[in-house]
Amino acid sequence: MIFRQFFDQQSSSYTYLLAARAGGEALLIDPVQQHAQSYLSLIAQLDLRLVIAVDTHTHADHITALGALREASACITMMGEHSKAECVSARFAEGETLNIDGLRLKALYTPGHTDESYSLVMDDRVFTGDALLIRGTGRTDFQNGDAAAGYDSLFNKLLQLPDETLVYPAHDYKGWTVSSIGEERRHNPRLQVQSAADYVALMAALKLDTPRLMDVAVPANLRCGALS
Ligand SMILES: [Fe+2]
């Protein structure tokens with residue numbers, strides 16, 4: 001398998017490139033618009049063909065590359081079925097599988113950070129978007145976020161995966177690149193709660209600034225990155 005993790009310094013976002021083999025199909029998760037050309041250069045250098053670009057959810061802190069990548073490569077752009085982005089070419093529902101050359105990513109509906117957030121599960125790893133971060137969880141105070149739904153996604157879905165499952169989030173603000181379900185279960189401070197009510201209270205007590213790019217990024221991302 002070919003696997004690459006890209007970092008966007010401005011928004012501390014991670015983007016992931018996956019392919020089963022050199023010469024084959026490639027998939028990008030959560031690509032950032034300003035890096036579209038670098039992804040495409042690497043994809044060409046690795047002799048890959050981009051077939052799917054997917055966003056785990058509508059991002060508030062950066063502009064998606066979905067539209068730019070579709071224009072440049074004719075790939076399919078995808079989001080979950082709850083997304084309000086009319087621009088995507090296809091949507092997936094919980095339990096559906098994205099398949100590239102036999103690499104399978106299963107969609108898991110994990111609302112909470114937003115009401116349209118999905119995680120993508122492979123045999124040995126999970127791409128959690130902002131549902132589960134390394135030693136953190138995505139905020140639930142805007143974009144139809146809901147801490148009680150987040151608790152359900154975390155405890156009844158993501159933490160049900162095997163402990164050794166690697167966790168690749170959509171962001172990290174400290175430079176940590178990967179964790180595991182077991183590690184997060186034991187050491188993530190947000191997961192040390194006893195009930196959904198505790199989690200709701202914990203999330204309500206956070207005092208967070210609005211993301212700098214939110215007013216630009218959210219409307220643009222509903223158009224797959226087009227600014228107007
Ligand atoms: Fe987010």
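How many aromatic pairs does the structure hold? In this predicted model, the structure holds 13 aromatic pairs. In one of them, the ring centres of tyrosine 16 and tyrosine 168 lie 5.5 Å apart and the ring planes meet at 70°, so the pair is edge-to-face. This pair links distant parts of the chain, since tyrosine 16 belongs to strand β2 (residues 13-19) and tyrosine 168 to strand β11 (residues 166-169), with the two positions 152 residues apart in the numbering. Tyrosine 16 and tyrosine 168 are both buried. Another aromatic pair, that of tyrosine 151 and tyrosine 199, is tilted, with 6.3 Å from centre to centre and 50° between the planes. Here too distant parts of the chain are linked, for tyrosine 151 is located in helix α3 and tyrosine 199 in helix α5 (residues 196-204), 48 residues apart. Tyrosine 151 is buried, as is tyrosine 199.

Beyond single pairs, one aromatic cluster is formed by Phe3, Phe7, Tyr14, Tyr16, Phe127 and Tyr168, and the edge-to-face pair of tyrosine 16 and tyrosine 168 thus has both its members in this cluster. Phenylalanine 3, a further member of the cluster, has arginine 125 lying over its face, at 4.6 Å from the ring centre. A charge over a ring is also found at tryptophan 176, where the charged end of lysine 174 sits 5.6 Å from the ring centre.

The model also contains an iron ion, which is coordinated at 2.1 to 2.2 Å by His57 and His113, each through NE2, and by Asp130 through OD. Along the sequence, these donor residues follow the spacing H-x55-H-x16-D. Histidine 57 and aspartate 130 come from distant parts of the chain, 73 residues apart: histidine 57 is in the loop between β4 (49-54) and α2 (66-73), whereas aspartate 130 is in the loop between β10 (125-129) and α3 (147-156). Both of these residues, histidine 57 and aspartate 130, are buried.

Glutamine 143 is likewise placed in the loop between β10 and α3, and with a relative accessibility of 18% it counts as buried, because the limit for that class is under 20%. A polar atom of the glutamine 143 side chain lies 2.9 Å from the backbone oxygen of threonine 58. When neighbours within four places in sequence are set aside, the residues in contact with glutamine 143 are Thr58, Ala60, His113, Thr114, Asp115 and Val218; among them is His113, which is one of the residues that coordinate the iron ion.

As for covalent links between side chains, the structure holds one disulfide, which joins cysteine 87 to cysteine 224 with a distance of 2.1 Å from S to S. The torsion about this S-S bond is about 85°, so the disulfide of cysteine 87 and cysteine 224 is right-handed. The two cysteines lie in distant parts of the chain, 137 residues apart, with cysteine 87 in the loop between β5 (76-80) and β6 (90-92) and cysteine 224 in the segment after α6 (214-221). Both cysteine 87 and cysteine 224 are buried. Cysteine 75, by contrast, is in no disulfide, and the nearest cysteine sulfur, which belongs to cysteine 224, is 9.8 Å away. Cysteine 75 is nevertheless buried, with a relative accessible area of 3%.

Key
Residues numbered from 1 in each chain as written. Predicted model: local features only at pLDDT ≥ 70, side-chain atom pairs only at ≥ 80, totals over all residues. Heavy atoms only, no water. Donors = N, O, S within 2.8 Å, 3.2 Å for Na, K, Ca; no water. Helix = DSSP H or I, 4+ residues; strand = E, 2+ residues; numbered from the N terminus. Buried < 20%, exposed > 50% of the residue type's maximum accessible area, 1.4 Å probe, protein only. Phe/Tyr/Trp six-rings, centres within 6.5 Å; stacked < 30°, edge-to-face > 60°. Lys NZ or Arg CZ within 6 Å of the ring centre and 35° of its normal. Disulfide = S-S within 2.5 Å. Polar contact = N/O pair within 3.5 Å; in protein donor to acceptor, adjacent residues only side chain to side chain. Contact = heavy atoms within 4.5 Å.
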